[in-house]
Amino acid sequence: MKVLVTGGLGYIGSHTCVQLINNGHQPIVLDNLSNSKRQVLNRIENLTQVKPVFYQGDVRDEAVIDSIFAQHDIQAVIHFAGLKAVGESVAKPLEYYDNNVNGSLVLARCMRKAGVKNLIFSSSATVYGDPQQVPITEGSPTGATTNPYGRSKYMVEECLSDVFAAEKDWSITLLRYFNPVGAHPSGTMGEDPQGMPNNLMPFIAQVAVGRREKLAVFGDDYPTPDGTGVRDYIHVMDLADGHLAALNTLTNKAGLHIYNLGTGRGSSVLEMVEAFSQACGHPVAYEIQPRRPGDIAQCWASTAKAEQDLGWRATRNIDEMTADTWRWQSNNPSGYQD
């Protein structure tokens with residue numbers, strides 16, 4: 001199957017492209033390289049012996065997307081492209097709404113023109129806001145988001161829900177990720193944030209490899225076992241396999257399909273620091289700082305629906321997440337090189 005993968009050279013997109021190719025699909029990649037590197041194409045090729053067709057372009061550029069649909073018999077779209085940092089979104093809300101919401105609307109409009117009605121959208125557990133109870137199920141309340149990033153994901157979900165309500169021949173899948181971490185077990189592909197990392201695991205990895213002095217732990221006074229925030233960390237390879245399961249199960253199956261992708265288990269910041277210290281063989285330096293605006297105390301997923309409908313569940317544990325991250329970071333201390 002030919003699949004348009006927007007943001008396909010990014011962290012989750014690139015690992016998903018590897019799994020798509022390994023399972024007989026043909027990803028067509030669109031990426032503007034704002035938070036990714038062209039070098040990733042070579043890494044995908046080295047792992048799969050296939051170099052994906054690549055277009056450098058922006059998901060908001062209607063002419064570019066129309067051209068891709070005209071040149072390829074695309075049957076489905078996996079939409080990763082977007083900005084993804086909670087803290088940055090608080091400082092730059094307009095950029096987040098433009099990239100994430102407007103970009104998704106342009107893509108959906110181009111899909112409708114091309115007659116492509118199978119869409120998997122990269123959503124987020126942030127749509128649940130500060131949850132009233134855990135684990136979070138797909139039926140938990142959404143919309144009380146705590147930051148512009150989460151609001152942008154929620155807005156796109158609402159827009160796509162309205163598209164399906166109006167045009168019942170679409171198959172739209174909303175995948176609500178929890179906290180992606182880890183790297184390809186080969187150590188040749190992983191997360192390579194531009195500038196200061198916004199997420200926990202790449203920051204820990206950069207401290208461990210000597211690129212940064214210490215990790216800032218934002219808040220140790222949450223109502224959690226050790227006072228630090230608790231999240232559901234999921235290995236990026238499990239996440240990639242979740243997209244593959246959704247694609248194989250739901251293509252041409254009309255409906256609005258919603259799934260949590262997580263492990264069903266929460267881990268604290270300090271638990272992750274300790275696990276990474278074990279993986280790299282030395283302590284990871286950190287200091288406690290005040291809470292960040294927009295952060296919540298704890299969240300983890302109920303994964304029962306994905307297991308039942310997609311036959312998918314996460315299988316990789318924290319030790320594998322940290323070991324694979326360390327293998328990637330220690331093999332590539334400066335990330336991808338152009």
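The lining of the second largest pocket is made up of 5 nonpolar, 5 polar and 1 charged residues, in a model that is predicted. This briefing takes up that pocket, and then turns to two residues, Q329 in helix α11 and S123 in strand β5.

**The second largest pocket**
- The space in the second largest pocket comes to about 160 Å³.
- The residues that line the second largest pocket are Y128, G129, D130, P131, Q132, Q133, I136, S140, P141, T142 and A144.

**Q329 in helix α11**
- Helix α11 covers residues 318-331, and Q329 is one of the residues in this helix.
- Because its relative accessibility is 2%, Q329 counts as buried, the cut-off for that class being under 20%.
- The side chain of Q329 reaches the backbone oxygen of P333, with a distance of 3.4 Å.
- When neighbours within four places in sequence are left aside, Q329 is in contact with P202, A205, Q206, V209 and R211.

**S123 in strand β5**
- Strand β5 covers residues 118-124, and S123 lies in this strand.
- S123 has a relative accessibility of 1% and therefore counts as buried, again by the cut-off of under 20%.
- When neighbours within four places in sequence are left aside, the residues in contact with S123 are K153, E157, L175, R176 and Y177.

Note on methods: Residues are numbered from 1 along each chain as its sequence is written. This is a predicted model: local features need pLDDT of at least 70, side-chain atom pairs count only at pLDDT 80 or more; totals for chains, interfaces and linings use all residues. Side-chain values use heavy atoms; hydrogens and water are left out. Helices (H or I, at least four residues) and strands (E, at least two) are DSSP runs, numbered from the N terminus. Buried means under 20% relative accessible area, exposed over 50%, partly exposed in between (1.4 Å probe, protein chains only). A polar contact is a pair of N or O atoms within 3.5 Å; within protein, one must be able to donate a hydrogen and the other to accept it, and residues adjacent in sequence count only if both atoms are side-chain atoms. Contact means heavy atoms within 4.5 Å. On a 1 Å grid over the protein atoms alone, a cavity is a set of points where a 1.4 Å probe fits but cannot get out, and a pocket is an open set with protein on both sides within 12 Å along at least five of seven lines; lining residues have an atom within 4 Å of a point. Grid points are joined across faces, edges and corners, and a volume is the space filled by probe spheres set on the points. Ala, Val, Leu, Ile, Met, Phe, Trp, Tyr, Cys and Pro count as nonpolar, Asp, Glu, Lys and Arg as charged, and the others, Gly among them, as polar.
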